[in-house]
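Thanks for coming. I have one structure to go through today, and I will put it up before saying anything about it.

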Amino acid sequence: MKKRIIIIALTLILAAMFAFPSFADDSIPRYYDEYSLLLSDDEEASINAKLEEMSDRLDADVVIWVTYFFGNLDEESFIDACRKHISNNFGYKSNGYVIMMIDIEEEETHLYIYSEGKVASKAFSDEFFDDLGDDVISLMESDKCFDAMNKYADSCDEAITESQKVKYFSVKRLIIAAVIGLIIGASVTGSNKAKLKTVRSKTEANYYVREGSMTVTDSRDIYLYSKVTRTEKPRNDGSSGSSGSSHSVSSGLKSGKR
């Protein structure tokens with residue numbers, strides 16, 4: 001009876017082990033080299049610490065996967081392999097992931113860089129990956145593999161960090177900003193208005209002349225125009241006399257010289 005219970009218990013334990021695999025964080029590191037041929041142990045530890053810190057800070061997985069004799073993959077197979085590597089070992093962070101896959105063969109090395117999620121649309125472009133791939137391959141051809149891995153990590157860090165600085169204003173934020181602007185504007189306008197003195201028009205011309213600003217040095221009358229009217233005098237046939245006329249002249253305006 002006891003043996004049967006022990007056998008059943010062991011069976012349940014084994015079934016549970018296969019049914020519930022270990023968590024992704026306990027599987028493989030973010031820099032994973034199947035045969036550990038590119039970097040020394042200290043270099044692997046250093047690049048892994050950098051990738052781990054970046055991934056947590058940026059909330060995006062930044063991964064390097066070094067494989068051997070994987071074969072020259074087409075685009076669909078490469079993307080499928082990257083997705084499985086991420087999902088099986090790390091899961092998906094909220095901002096997505098970026099992975100560099102290096103497949104080393106006898107005659108040549110294939111390098112692939114792929115990204116999904118928010119970082120793919122906001123941080124990276126095809127041109128960025130092309131330039132980064134050229135830089136990494138150039139360093140690896142010069143036997144500077146550690147520098148190549150750091151180049152990849154630092155470039156991704158800079159691009160993702162820069163993309164996360166961009167803030168998209170929501171309607172609520174725009175309304176709040178507009179209200180704050182109106183309050184500040186009204187306050188400044190009210191303050192300036194309080195400093196103004198009320199001005200009313202005056203009927204006296206002397207009010208608009210500053211005292212001492214005008215001195216008359218010469219004055220004279222100037223003939224401007226004349227108007228002559230003639231009126232016919234009625235004739236008196238019964239009396240003798242001479243005919244004549246009367247006229248009036250008007251002139252005006254006194255002018256002064258400043």
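Which residue in β2 is the bridge partner of Asp-33? It is Val-66. Before going further, note that this is a predicted model.

I start with the sheet, since that pair belongs to it. Three bridges join β1 to strand β2, residues 61-68, and the two run parallel. Further along, strand β3, residues 97-104, pairs with β4 in the antiparallel sense, over eight bridges. One of the residues involved is Asp-103, whose bridge partner in β4 is His-110. The link from β3 to β4 is a hairpin, made through four residues.

Put together, the four strands form an open sheet in the order β1-β2-β3-β4, and the pairing is mixed. The edges are taken by β1, residues 31-33, and β4; each has a single partner strand, so one side of each has no neighbour in the sheet. Direction ignored, neighbouring strands here are turned by 10° against each other on average.

Is β4, residues 109-116, mostly covered or mostly uncovered? Mostly covered: six of its eight residues are buried. So β4 is an edge strand with one side lacking a neighbour in the sheet, yet most of the strand is buried.

Next, the helices. Take α5, residues 126-141, and α6, residues 145-164. They pack with their axes 7 Å apart, at an angle of about 160°. That is over 145 degrees, and the two are therefore roughly antiparallel. Their crossing is right-handed. On the α5 side, the contact is made by Phe-128, Leu-132, Asp-135, Val-136, Leu-139 and Met-140. On the α6 side, the residues include Cys-145, Met-149, Tyr-152, Cys-156 and Ala-159. By class, this contact has eleven nonpolar residues, one polar and three charged.

Helix α6 also meets α2, residues 41-58. Here the axes come within 11 Å and cross at roughly 10°, which makes α2 roughly parallel to α6. From α2, the contributors include Ile-47, Leu-51, Met-54 and Leu-58, along with Glu-43, Lys-50 and Arg-57. From α6, they include Phe-146, Met-149, Ala-153, Cys-156 and Ile-160. The class count for this contact is nine nonpolar, four polar and five charged. Met-149 and Cys-156 of α6 are listed in the contact with α5 and also in the contact with α2.

One single residue to look at: His-85, which sits in helix α3, residues 75-89. Is His-85 buried or exposed? Its relative accessibility is 6%, so it counts as buried. Which residues does His-85 contact, leaving aside neighbours within four places in sequence? They are Ile-28, Tyr-32, Val-63, Trp-65, Phe-90 and Ile-99.

Last, the chain as a whole. Its secondary structure comes to seven helices and six strands. Along the sequence, the pattern reads α-β-α-β-α-β-β-α-α-α-α-β-β. The chain has 258 residues, and 26% of them count as buried. Of the contacts with a separation of 6 or more, 65% are between residues 24 or more positions apart.

That is what I have. Please go back to the picture and start with Asp-33 and Val-66, the bridge pair between β1 and β2.

Notes:
Residues numbered from 1 in each chain as written. Predicted model: local features only at pLDDT ≥ 70, side-chain atom pairs only at ≥ 80, totals over all residues. Heavy atoms only, no water. Axes fitted to C-alpha atoms, helices over the stretch in contact; angles between N-to-C directions. Parallel < 35°, antiparallel > 145°, perpendicular 65-115°, else oblique. Left-handed = near helix turned anticlockwise from the far one by under 90°. Contact = heavy atoms within 4.5 Å. Nonpolar A, V, L, I, M, F, W, Y, C, P; charged D, E, K, R; others polar. Buried < 20%, exposed > 50% of the residue type's maximum accessible area, 1.4 Å probe, protein only. Pairing = 2+ DSSP bridges.
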